[in-house]
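Subject: Structure handover

Hello,

Here is the structure for you to look over. My notes on it follow below.

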Amino acid sequence: MALKIQDASVVYPGIEGRQKIEALRRINLTIDDGDFIVALGASGCGKSTLLSLIAGFLSPTSGEVLLNDSKIEGPGADRSVVFQKHALLPWLNVRDNVAFGLMLQGCAKKERYEIGDKYIGLLGLNGFENSPVYALSGGMQQRVGIARALACDPKVLLMDEPLGALDALTREKAQELILQVWRDTRKSIFFITHSVEEALFMGTRLVVMSPRPGRIAHTFDLPFSRMFLGGQSARSVKASSQFIALREEVLRMIFADEEAA
Ligand SMILES: Nc1ncnc2c1ncn2[C@@H]1O[C@H](COP(=O)(O)OP(=O)(O)OP(=O)(O)O)[C@@H](O)[C@H]1O
């Protein structure tokens, strides 16, 4: 599987006499099997617009987005999205929320529960299958949202600030869980965050975007998630001199890009 964004630009039309907004300019990005791409950048630099292009919610004004050499024409089962706000269905329990996408695809009840329960287990939600989702903590609700996205077996998982609403401790645990799920399911992930530390820890490749117009300003290949999955503790990875030096470098770049824009 290869998802290719080739020279893609997005211009939003000016609404009610306002100026057009060039949200993305000439983006080139390839997401290969097993990649964990993290997009980072100041507010308004086009991260969510880029995710919408990949999801097929939006078409580029110019350029192309290709999945296995076929043009993406709209949303599809090969791509699932997890948003900051999980958008669960409050009248359904955990099991039916996780199996919801499969139900929409016409999957029979027995089969969709079997598949769903596998992801409920993977996300550490065993024992909560019959709980109403409103009775769960924010972190658990977000895990239900991730299990629901994974249950449809997408090729690419698109995550728009999925951990942004969680407290610091839950967020760190959720980062570790997502990395373990990524390793176990071998999905490709495109992940948006505002946290430099989260970006460095999670990604195999970091894309730093800059605003007005949104562009890819810098990319970095990252070793840290593999260090964690290789057995190092998350805290020791994040406290390593290599991690701290790169964190400072990325922060300096973001501030410099913001001043130049
Ligand atoms: N539907 C829309 N119509 C017009 N302009 C839009 C629309 N969606 C986004 N924009 C503008 O496009 C630019 C990029 O927005 P986008 O939401 O992609 O940025 P972002 O990096 O995800 O921001 P944030 O980090 O704040 O979520 C912004 O200037 C935004 O105001």
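Helices and strands here are DSSP runs, a helix needing at least four residues and a strand at least two, and they are numbered from the N terminus. Please keep in mind that this is a predicted model.

On that basis, Pro213 sits in the loop that links strand S9 (205-210) to strand S10 (215-221). The peptide bond leading into Pro213 from Arg212 is cis. Its omega is near -10°.

A second backbone point concerns Asn68. This residue is in the loop between strand S4 (62-67) and strand S5 (70-71). Its phi is positive, near 50°, although Asn68 is not a glycine. Why flag these two places? Because most residues other than glycine have a negative phi, and most peptide bonds are trans.

Overall fold

The protein has 10 helices and 10 strands. Its C-alpha trace spans about 55 × 45 × 35 Å along the principal axes. The radius of gyration is 19 Å. A compact globule of 261 residues would come out near 18 Å, so the value agrees with that expectation.

Ligand site

Which residues surround the ligand? One run in the list goes Ser43, Gly44, Cys45, Gly46, Lys47, Ser48 and Thr49. The others are Tyr12, Ile21, Ala23, Gly41 and Gly214. Two elements give two or more residues each to this shell: strand S2 (21-32) and helix H1 (47-55). H1 provides the largest share, with three residues. By type, the shell has seven polar residues, four nonpolar and one charged.

Helix packing

Now to helices H4 (residues 109-122) and H5 (residues 138-151). They pack with their axes 9 Å apart, at an angle of about 135°. Angles from 65 to 115 degrees count as roughly perpendicular and those over 145 as roughly antiparallel. H4 and H5 fall in neither class and are therefore oblique to each other. Their crossing is right-handed.

What makes the contact? H4 contributes Ile115, Gly116, Tyr119 and Ile120. H5 contributes Ala147, Leu150 and Ala151. Six of the contact residues are nonpolar and one is polar. None is charged.

When you open the model, I would start with the ligand shell and then go to the two loops.

Best wishes

Methods
Residues numbered from 1 in each chain as written. Predicted model: local features only at pLDDT ≥ 70, side-chain atom pairs only at ≥ 80, totals over all residues. Near = placed C-beta within 6 Å. Nonpolar A, V, L, I, M, F, W, Y, C, P; charged D, E, K, R; others polar. Axes fitted to C-alpha atoms, helices over the stretch in contact; angles between N-to-C directions. Parallel < 35°, antiparallel > 145°, perpendicular 65-115°, else oblique. Left-handed = near helix turned anticlockwise from the far one by under 90°. Contact = placed C-beta atoms within 7 Å. Rg over C-alpha atoms; globule rule 2.2 N^0.38 Å.
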